Each structure stands twice: as structure tokens, then as C-alpha cells.
Amino acid sequence: MESLKTRKITSVWIVIVLALFIVAIILGILMRLNQGTIIQQSPVTFYGNMTTHGLTMIGIWFVAGMAAVNYLMERYVKTSYGVNLFALICTIIGVLMLWSSTFIGHFHAGWTFLYPLPFKVAWAQWATPVFLASLVVLGVGWLVWSVSLMSQILKKYTLSQAFAWQHFKKNPAVETPPFILITMVTLVGVIACLLAAVLLLVLLFAEYFSNGSFVNDALLLKNLTYFFGHTIANEMLYLGLAVIYELFAEVSGRPKWKTTWYVAVAWNLSLVFILTAFFHHLYMDFVQPEGLQIVGQLASYLASLPAAGVTVFSILVAVYRTKINWSLTNLLFFIGVAGWVIGGLGAVIDATISNNFVLHNTLWVPAHFHTYNAMGNVLFSLGFFHWFAHKFDVGFNIDKNAMLKLTLILFGGIGFLLAFYIGGADSIPRRYSNYPPEFTMAAPLATVAAVFATFYLLAILLFFLNITKKCIKIMSSTS
Amino acid sequence: MQHSILWLFLILAAASIIVFTYVFLSSKKANESDQGMNQPLKKRFWFLLILFVILGIFASVTIPKSPYYLFADQTPVRVLHVAAMQYAFILSNDAINPESQQGETDVVLPLNELIEFRVTSFDVNHGFAIYDANNQLIAQTQAMPGYVNRLRWKFTSPGKYNILCLEFCGMAHQGMRSSFTVK
Amino acid sequence: MYKNNVFYFLVIVIIGWNTSVYSQQDNIAWKEESHVYTKVLDAPLKGYGMGDSTSLLQIAHQNPTILALIFTRCTGICNPFLLQLSEKLEWEIEHKNFNIVVVSFDPRDTEADMSALAKRFHLDQEKQWIFGVTDSIKSLNKSIDFNPIWDEARQQYDHEALLVGINSDGYITKKLIGMRSTSDLALLVGSIYNSFTPTHQLPNKNRLFSCFNYDPKTGKNTPGLGLLFIALPAILTIFILFASNYLGKSERIG
């Protein structure tokens with residue numbers, strides 16, 4: 001069972017994540033308003049905000065997933081509070097360094113910081129090393145956290161048990177809870193992508209300090225960048241799924257989900273697919289060996305099989321014609337899975353090379369990943385936050401304003417996302433601070449998106465107020 | 001093509017929403033004695049099989065349509081060298097010297113003939129994206145420093161085509177563009 | 001603790017590696033792209049191994065051709081360049097019917113000088129190797145954008161090592177500048193047979209990070225160092241996984 005300290009630190013994580021989320025959404029709305037010519041930011045400011053928005057979003061939803069998993073893991077194994085705290089401190093310092101490089105130093109190479117752009121200094125000289133150093137700080141904290149959590153699992157389960165291999169046979173002697181299996185698979189992916197980031201940063205720093213005598217290969221660094229970037233975004237979704245496998249049945253008043261042979265097979269396979277799908281970010285780099293391009297399409301397609309055939313199907317089976325104690329928590333999980341499915345449709349479409357030829361770097365790309373996040377992963381985490389915050393209430397899960405929150409999220413989210421999908425089909429480029437006049441729909445779509453996003457933001461503010469109040473109570477409690 | 005993709009996506013998304021809503025409503029109507037889905041394992045197997053077949057069909061149909069080897073067995077009638085840099089595209093009939101950065105203005109390409117674009121970058125990653133007169137993206141390739149990408153294309157409609165940079169490259173990324181005419 | 005050790009190990013390996021490696025794009029890299037798809041000058045040739053042909057295009061019309069520019073009094077790159085070329089193209093030339101025409105751009109070189117050069121490299125008996133001189137060297141240089149500079153002080157030409165691929169219609173298909181790897185030469189040979197590749201790398205001083213190396217003998221790509229770098233995070237993760245498992249063993253048993 002989790003300790004008071006773990007409960008408190010989880011509350012801190014939740015409040016920080018929600019606060020940063022609000023800031024990041026506001027940055028996003030400002031971006032869309034700029035693109036809609038409602039406000040006028042200089043391109044440097046716009047792209048700086050874009051950099052901050054992207055990295056902050058990925059960062060917070062990653063740590064949200066990790067914090068949730070850490071908290072729930074205490075049901076099975078002891079986790080290290082010290083490491084959790086270390087990760088929290090690193091995250092805070094890393095975010096502050098990142099924000100100083102973008103807001104003060106005007107670093108604006110995008111959240112993907114694609115080589116060699118960070119070295120084409122169009123900002124304060126110190127901003128490049130500070131930006132890269134912020135990633136080192138974040139990466140070290142998160143790497144230590146992931147390895148620690150994985151080690152704790154392996155102190156109770158053998159390697160094969162952690163991967164639930166014994167479930168391939170009938171009637172296994174030891175049962176691996178689905179939560180442990182999914183967490184294990186996800187942590188392996190997380191560690192791999194963080195190591196890719198380490199390698200990337202080492203190569204970048206090597207060039208930075210070499211004063212021109214060493215120059216990196218752009219193709220290698222792009223591969224490493226997307227190995228890190230794609231995989232961390234994917235894995236943070238899976239951290240959310242681990243939470244769902246653990247909590248959905250419990251919150252719904254249903255028997256706990258167990259690992260079956262197909263759950264074990266699906267999650268083991270997904271590890272391979274997730275680690276090789278990132279090649280789909282390089283389809284338009286004709287320099288990439290063609291074999292790797294095809295691996296990218298096949299892995300991206302295959303990754304949808306365990307996702308749809310096991311997780312999504314399982315949740316539908318769990319709900320279909322079954323009496324469920326519906327509450328805001330499991331509603332958020334359920335809707336989040338639907339959002340994840342729809343984001344997946346957009347993703348598989350774009351992961352098809354011949355489609356990517358006309359969709360790559362248009363608004364279709366932010367369309368699908370915002371769907372995954374804003375209507376998928378965010379809802380998974382909000383479900384956990386809500387459950388956690390109310391867990392210690394005297395009484396039961398109080399869903400104050402639940403319908404209002406859900407309506408605002410769905411209304412705001414769907415409108416916001418549709419603007420992206422339509423924009424992508426209209427070939428409107430992504431990452432443009434302002435749109436060329438010949439794209440007549442571009443600015444209106446951006447303005448409409450900003451309006452819908454504001455409704456979404458209102459929902460988040462309601463969540464923030466409600467959950468923060470509860471979390472502060474937890475932080476200051478003595479038992 | 002993009003609009004058919006959008007319709008496909010919207011139909012599939014609507015179908016997913018319908019399925020989830022239906023399942024949710026079925027749970028609202030359920031009572032304690034309801035047993036849920038009959039034979040879920042069998043249904044799961046069929047679902048996976050159908051999905052696998054659909055994905056297999058899409059993969060086998062679309063992978064050969066990849067843009068890497070378009071018109072590979074033909075000889076281009078015209079070769080256009082393209083060098084991308086912060087924040088312009090230099091177009092030239094011959095290789096472009098990064099120091100002098102000399103290019104051609106008012107490039108005219110022949111209609112219905114094979115053109116080869118040889119695309120590189122002098123500094124950071126850029127995107128070489130060709131938009132037709134209806135502002136639809138019709139072809140693209142990346143411009144990576146140290147490499148030359150070869151994109152072969154036949155233009156079947158005359159008119160003005162725009163080139164936009166589609167890979168974020170810095171503060172004037174949104175203004176980085178060029179054009180050519182097809183006659 | 002072992003996580004930190006892995007990290008430091010990585011850093012040392014990478015930095016140690018990099019200090020011994022020099023990788024930079026040359027300023028003349030762009031010149032490889034010049035005059036591609038233009039017709040090469042039909043330079044009249046006199047030389048060794050020409051058979052009935054009297055000009056460059058006549059040779060090319062019979063078989064696709066690779067043109068190499070050297071001079072016999074070269075104390076620099078020419079000899080190692082030719083030696084490397086003969087070694088690296090050995091397999092390709094055995095299996096394909098193309099010519100390698102070695103032409104001197106030094107007006108002082110005669111047919112006899114080129115003959116002697118061929119003999120020095122034991123290429124005088126190789127049917128596909130042609131060694132010649134031309135009276136139209138200035139025009140030929142212009143048509144392939146080759147610009148050797150005479151250095152009066154050293155009495156030598158300052159020039160790059162240049163290979164020009166010419167298909168059987170006489171068009172320049174590809175150029176290579178500098179001493180190149182087998183995979184680049186394979187691309188050059190492929191190009192003279194009008195084989196299309198969607199991409200190629202411009203010359204670097206060092207080719208450390210190529211993802212694949214093409215082996216003409218097997219016709220397959222073998223993994224290069226770049227691929228290892230991409231695989232490295234996964235390899236390290238597996239290492240960490242097994243290390244964690246091993247260290248966790250005592251707690252599981254105890």
C-alpha cells in the first residue's frame with residue numbers, strides 16, 4: 001500500500017501538471033489566434049511559444065503518466081520515494097531552464113530541435129546550451145525514475161513474469177497483473193527512447209564544443225530525434241492505458257481485469273512495433289534507406305492490432321450490456337479510449353507513405369496527435385487525477401459539474417480538432433506563424449479553433465480548481 | 001486526393017463514435033443479470049482477423065505507390081536543381097554554388113514531360129513542397145543538408161505552381177517560397 | 001549507479017571516437033551536381049586499348065563509360081586514386097560491360113606516357129580500361145566542369161579526383177569527387193546503366209555514419225555504423241533490463 005509521502009508527492013505532481021497544462025493551452029490558443037490574425041505576435045515570439053507549448057505538453061503528460069503509474073505500482077511493489085522526488089525536482093528545474101531559454105532567450109527551434117537548427121543561432125547565444133541542458137536535466141530525472149520503477153518490478157517478478165510470458169501457457173502458477181505487464185513493456189520503451197535522447201544530446205554537445213571540427217550527420221540525428229520524440233509520445237499514452245487496465249474495472253464496480261494469453265501476446269508484440277514505428281516521421285526524407293521506410297509503415301500498421309484488438313476491444317467488452325457504475329473517472333477513461341481510436345485512424349492514414357506524400361507537415365499532422373493527446377491521453381490522466389483527488393474524500397466520488405466538464409471538453413475538443421483535419425485536407429502547412437493569403441480558409445479555421453479551444457480550456461480550469469483543492473488537502477494532511 | 005482521405009477519416013471516426021455511444025448506452029440499460037457480450041474471444045478473433053486483412057490490403061496497395069521511384073525507368077527531359085536555405089529556394093538548371101547562390105528567376109517547365117528536381121539544403125532541414133494552382137499539395141520531398149533528394153514528376157496541367165517550405169526552419173519559415181510555371 | 005556508468009561509458013566512447021574522426025562537408029561538394037544530364041564533349045582520343053574508336057562518345061555508344069581525369073606527373077592524389085579505383089571496381093568490371101576511360105588533362109602527357117601508366121598499374125591487359133590523351137582537353141574540362149589549376153611553384157596541377165559517369169547516349173549521369181567508398185562507386189556504375197536512386201550523399205571528408213554499405217559482390221546492403229547508432233539505445237536498454245533483473249534476483253529470493 002502506498003505511503004503518505006507517495007500520496008503527497010502524487011498530489012504535487014497533479015497540481016503542477018494541471019497548472020502547466022493551463023499555461024501550455026493558453027500558449028496554444030495564442031498561436032491559433034496569431035494564425036487567425038486576431039492578434040499579432042512576431043514570428044520569433046510565435047515560434048518560441050510553439051517550442052515551449054510542444055515540449056511542455058509532452059513533458060507534463062509524460063510525467064503525469066509516470067506519477068500515476070508510480071502511485072498505483074505501490075499496490076504491488078514498493079517504489080522509491082527518493083527517486084520520485086528526484087524526478088520531480090529535475091522536472092521543475094528542467095522546465096524552468098526550458099522556459100528561460102524560450103521566453104527570455106527566444107530560442108525557437110521547435111520542440112523537435114531538429115539538427116542543425118539549434119546551431120543556427122537566431123536567438124541569445126546562451127539559449128542553445130541552456131535549452132539542451134534543460135533536456136539533459138529532464139532526461140536524467142526521467143531516466144533514473146524509469147529505471148528505478150523497472151528495477152522495483154524486477155525485485156518481485158522475474159523477467160519472464162514481468163513480461164507475463166508464463167501466461168502463454170494455460171493456468172500459470174504466478175499471475176502477472178495487467179498493470180505490471182503494461183508498465184513493464186512501457187518502461188522498456190521509455191528507457192530506450194530516453195537513451196536515444198541521451199545519445200542525441202551527446203552528439204549535439206560534441207559538435208557544440210568541438211568548434212567546427214566535428215559535424216554531425218543530419219540523417220542520423222533526425223532518426224535519433226524521432227526515435228526519442230515519437231516513442232515518448234506513444235509511451236506516455238501507454239502509461240495512461242496501464243492506469244485504465246488497473247482502475248477501470250475497480251471504479252466501475254466490476255471484477256478486476258486479468259492478464260490472459262492474448263493480452264500478454266499483444267503487449268509483448270506492441271513493444272517491438274512501438275520501437276520501430278518512428279521511421280514514419282522520415283517518409284519524405286528520400287535519403288532514408290527504403291527498407292526502413294517500409295518498416296515504418298508496417299510497424300505503424302501492426303501497432304494498431306494489439307491496440308485495437310486487445311485494449312479497445314477489451315474495454316468495449318467490459319462495458320457492453322454490463323451494468324457499470326458510471327462516474328466521471330471511468331467516463332473519462334471510456335471517452336479517452338474513443339479519442340485514442342480516432343487519433344489512431346488519423347495516424348494510420350498518415351502513416352501510409354503514399355498519403356504522407358501529400359499530408360506530411362500539413363495541419364493533418366497536428367490534427368492526429370492533438371486528437372491522441374487532447375481527447376485521449378489527457379482524458380486518461382484526468383480520470384486518474386479525479387479518482388485520486390476524490391479517493392480520500394469522506395463519502396464517495398463526487399462528480400461536481402461532471403456533465404458540464406465533459407460537454408465543454410467534447411464540444412471544445414472536437415471543434416478544435418476538426419479545424420486541424422480540415423486544414424490538413426486543404427494542404428495548409430503546419431508550423432506557420434501566419435498563413436499565405438492564398439489559403440483563404442486558413443485564418444478563419446485558426447480563429448474558430450481558438451474559440452473551441454477556449455471552451456476546452458474552461459473545462460480544464462474547472463478540473464484544475466476542483467482537483468487542486470482536493471490535492472492541497474492531501475498535501476497538508478497528516479494521515 | 002486529400003479530400004477523399006478526409007471523407008474516409010470522417011466516416012471512420014463517426015463509425016467509431018457510434019460504436020462507443022452504442023456500447024455506452026447498452027451499459028446504461030443493462031441490469032445486474034446481464035451477461036455482457038456473448039463469446040467475446042471468438043468475436044475478438046474475428047475482429048482482429050478482419051482488421052489484419054484490411055491493413056494488409058492497404059499496405060499492399062499503397063506501398064508500391066510510394067514516391068521514391070516514380071518514373072525511375074524514364075529519362076528526364078529537364079533537370080531542375082533546387083537549393084533550400086534560410087529563407088529562400090534557389091532554382092537553377094545547373095548545380096548551385098553555395099557561395100554565389102546564383103539561380104534562375106521565372107523558371108518555366110514543360111508540360112507532360114518528365115522533370116527531375118534535385119533538392120538539397122545549404123543549411124538546415126527544409127521541405128520542398130509543390131502546390132498546384134488550386135493550392136493543393138501535389139508532391140514534396142525534404143531538403144537535407146549534405147544530401148541530394150531526387151523527385152521526379154510529370155505536370156499534366158499548365159499554370160503557376162508554388163513551392164512552399166514545409167519543414168520548420170526558423171523565424172521566416174512561413175515566408176519561404178518560390179514558384180515556377182508549367183507551359 | 002550502473003545507469004550512471006552506462007551514461008559515462010557512452011560519453012567516453014562517443015567523444016573518444018569523435019576526436020579521431022573528421023567529418024565535414026567540402027566546399028566543392030556542390031560541384032558534383034554540376035553538368036549532370038548534359039551531353040559530354042565528343043573529345044577525340046588517342047590511346048591505349050581504344051580498338052576502333054577514336055572519340056569519347058564512340059566509346060560510350062558501345063558501352064557505358066566512367067571517365068577518370070589524372071595526369072602522369074602527379075605527385076599527389078592521382079596514383080592512389082587510380083589504385084583504389086582499380087581495386088574497388090574489380091568486381092563490378094568483371095560482371096558488367098562498361099569502360100573506364102582514364103584521360104590525362106596535362107598537355108605534356110603523350111600516348112606513350114599513358115601506356116606506361118597502364119602498365120604500371122597492370123591494367124594494360126584489361127580490355128575495359130582505356131588510357132588516352134586528347135587535343136581538346138580544355139573543351140572536355142569545360143563540358144564536365146573540371147578546373148585543374150596549375151601551381152607554378154610546385155610544378156603540379158591542383159585538382160580534385162574526379163570520376164564522371166557517362167551513359168550510352170553520351171549523357172553525364174553522375175559525378176564523384178574525391179576518393180569514394182564502394183557503395184558510392186556502385187551508385188556511379190548503376191547510374192551509367194540509367195538505374196535510378198532517389199537520393200545520394202554529397203562528398204564528406206569522412207563517411208563514418210552511413211546507415212548501409214553496398215556490397216557489389218552480393219548486391220546487398222550491409223548495416224553500416226549509422227544503423228548501429230540507431231540500434232544503440234535499444235541495445236543499451238536490453239542491457240539495463242538484464243542488469244536490473246540480475247540485481248533484483250537476490251531480493252526476489254531473499
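This passage walks through chain A of a predicted model, from its overall fold to its contact with chain B and then to one residue, A:Phe313.

Confidence comes first. Mean pLDDT for chain A is 93, with 98% of its residues at 70 or more. Broken down by element, helix 2 (residues 43-73) of chain A comes out with the highest mean, 97. At the other end sits helix 8 (residues 261-276) of chain A, whose mean of 90 is the lowest among the elements. As a rule of thumb, predicted coordinates should not be read in detail where pLDDT is low.

As for the fold, chain A is built from helices: there are 14 of them, and zero strands. Reading along the sequence therefore just gives α over and over, α-α-α-α-α-α-α-α-α-α-α-α-α-α. Along the principal axes, the C-alpha atoms take up a box of roughly 60 × 45 × 45 Å. The radius of gyration of chain A is 22 Å, which agrees with a compact globule, because a globule of 479 residues would be expected near 23 Å. Burial was also worked out for chain A, and 64% of its 479 residues count as buried. Contacts were then sorted by how far apart the partners sit in sequence. Taking those in chain A with a separation of 6 or more, 81% are between residues 24 or more positions apart.

Next comes the meeting of the two chains. Chain A puts 61 residues into the contact, and chain B puts in 66 residues. On the chain A side, the elements giving two or more residues are helix 2, helix 7 (218-252), helix 9, helix 10 (328-350), helix 11 (353-359) and helix 13 (402-425). Helix 9 of chain A supplies the largest share of that side, with 13 residues. By residue type, the side of chain A that touches chain B splits into 38 nonpolar, 16 polar and seven charged residues.

Helix 9 of chain A, spanning residues 290-319, is also where A:Phe313 is found. This residue counts as buried because 20 other C-beta atoms lie within 10 Å, and 20 is the number at which a residue qualifies. Leaving aside residues up to four places away in sequence, A:Phe313 touches A:Ala308 in its own chain, plus B:Arg44 and B:Phe47 across in chain B. For a sense of distance within chain A, A:Thr158 lies 155 residues from A:Phe313 in sequence, and the two C-alpha atoms are 29 Å apart in space.

Note on methods. Residues numbered from 1 in each chain as written. Chains lettered and ligands numbered in written order. Predicted model: local features only at pLDDT ≥ 70, side-chain atom pairs only at ≥ 80, totals over all residues. pLDDT = per-residue confidence, 0-100. Helix = DSSP H or I, 4+ residues; strand = E, 2+ residues; numbered from the N terminus. Buried ≥ 20, exposed ≤ 12 C-beta atoms within 10 Å, placed from the backbone. Contact = placed C-beta atoms within 7 Å. Nonpolar A, V, L, I, M, F, W, Y, C, P; charged D, E, K, R; others polar. Rg over C-alpha atoms; globule rule 2.2 N^0.38 Å.
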